[in-house]
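Biologist: I am new to this structure and would like a close look at a single part, the disulfides. Please take them pair by pair, and add a word on the ligand at the end.

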Amino acid sequence: LIIVTIGGVLGPILQTNESDPKSTFLSRCKKFNQYDCQKLWDAFQQAYVNKDPCKVPVEAYDPLIAAAPFKPQCNKMMFWSKTKVVVHGFTAKRKDCFVTLEDTLLGYSLNGLTWCGKKGSNDTFTTGCPRTCENNPVDSFWIRASAAYADVACGDVTAMLSGSTTTPFDPTSTFAKVEVTRFKAPKVRSLNVVMVIQKNAKSNCKNASLQKLKNALHKGITYSCKDVPESRIQECGSKPQIACRTCW
Ligand code: N1C
């Protein structure tokens, strides 16, 4: 009884800001201005609160996406698969060149967070959230947001894939399953793959999986691929005088 009481009293005090998704969401959201962040939090929460955390379908986030729609940023939209750290290290410094989903309000506000609900409660939980069942709140959000972001893609689109894997175009990835098939010609003119080459690379632009990527693209979208050393991407990130179009 004593342990339960102490745990019950200290639990909320010992919780760090990091594990309180509401304050993290609101403080990140506020950096974007222009939005009613409390209203967005409410739209976010309604997707998963009071539900079995394995029964949150992708569509549960439709109202959230409708409340904060993605703006098309033609020729600057960047997609990625298995290159999260390299991509965001770059886009954080070169917002003038490329924008990823994590550089938008919703992607930025929820990046790295864990959340779920529970039947019979209106709270948001951060521990014990399942990630293995198909309809879990975190995966469903990223699928919904990725689809919405890819839906507004336009002009010349860039994707950073990893030369450190044996299958850079992984058919099970969100990039393959959700994003690539949503690019529509003539709104999207081209898909330009930047293959990130680190030391001991396992693949490059010649990899057979990229043939599948070409085939998955809607007819009318031009495909290109360039092998680029990670060091060159970092150099372009750290030298603002390098023009975006000459980064690689
Ligand atoms: O499955 P992936 O990559 O191919 O997904 C990446 C792809 C990007 O182009 C993004 O637009 O899909 C979008 N996306 C995110 O922006 C994102 N941020 C954080 C997809 N997933 C995202 N996450 C988390 O990383 C999420 O939890 C998901 O399961 C992983 C996917 O990483 P990946 O396999 O490298």
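Modeller: What follows goes through three cysteine pairs in turn and then turns to the ligand. The model is a predicted one. It contains 7 disulfides, and the three described here are among them.

Take C29 and C37 to begin with. Their sulfur atoms are 2.0 Å apart, and the two residues form a disulfide. The torsion about this S-S bond is about -85°, so the link is left-handed. C29 has a relative accessibility of 0% and therefore counts as buried. C37, at 7%, is also below the 20% limit, so C37 counts as buried.

The next pair is C97 and C244, joined by a disulfide with an S to S distance of 2.1 Å. The link of C97 and C244 is left-handed, with -85° about the S-S bond. This pair connects distant parts of the chain, 147 residues apart. C97 lies in the loop between α5 (84–93) and α6 (105–110), while C244 belongs to the segment after α10 (230–238). C97 counts as buried because its relative accessibility is 4%. C244 has a relative accessibility of 25%, so C244 counts as partly exposed.

Helix α10 also holds C236, and a disulfide links C236 with C247 in the segment after α10. Here the S to S distance is 1.8 Å. The torsion about the bond is about -75°, so the disulfide of C236 and C247 is left-handed. The two residues are 11 apart along the chain, and they too are described as linking distant parts of it. C236 counts as buried because its relative accessibility is 0%. C247 has a relative accessible area of 0% and is buried.

Now the ligand, which sits in the largest pocket. Around the ligand are 16 residues, of which W80, S81, K82, E102 and E179 are the closest. Elements that contribute two or more residues to this shell are β1 (78–81), α7 (137–151) and α8 (174–179).

Some contacts involve oxygen atoms of the ligand. A polar side-chain atom of R131 is 3.1 Å from a ligand oxygen. For S146, an N or O atom of the side chain lies 3.4 Å from an oxygen atom of the ligand. With F175 the contact is made through the backbone, where a polar atom is 3.2 Å from an oxygen of the ligand. On its own the ligand has 600 Å² of accessible area, and the protein covers 84% of that.

Key:
Residues are numbered from 1 along each chain as its sequence is written. This is a predicted model: local features need pLDDT of at least 70, side-chain atom pairs count only at pLDDT 80 or more; totals for chains, interfaces and linings use all residues. Side-chain values use heavy atoms; hydrogens and water are left out. A disulfide is a pair of cysteine sulfur atoms within 2.5 Å. Buried means under 20% relative accessible area, exposed over 50%, partly exposed in between (1.4 Å probe, protein chains only). Helices (H or I, at least four residues) and strands (E, at least two) are DSSP runs, numbered from the N terminus. A residue is near a molecule or strand if one of its heavy atoms lies within 4 Å of it. A polar contact is a pair of N or O atoms within 3.5 Å; within protein, one must be able to donate a hydrogen and the other to accept it, and residues adjacent in sequence count only if both atoms are side-chain atoms. Accessible areas come from the Shrake-Rupley method with a 1.4 Å probe; for residues, only the protein chains shown count as cover. On a 1 Å grid over the protein atoms alone, a cavity is a set of points where a 1.4 Å probe fits but cannot get out, and a pocket is an open set with protein on both sides within 12 Å along at least five of seven lines; lining residues have an atom within 4 Å of a point. A molecule sits in a cavity or pocket if more than half of its atoms lie within 2 Å of its grid points.
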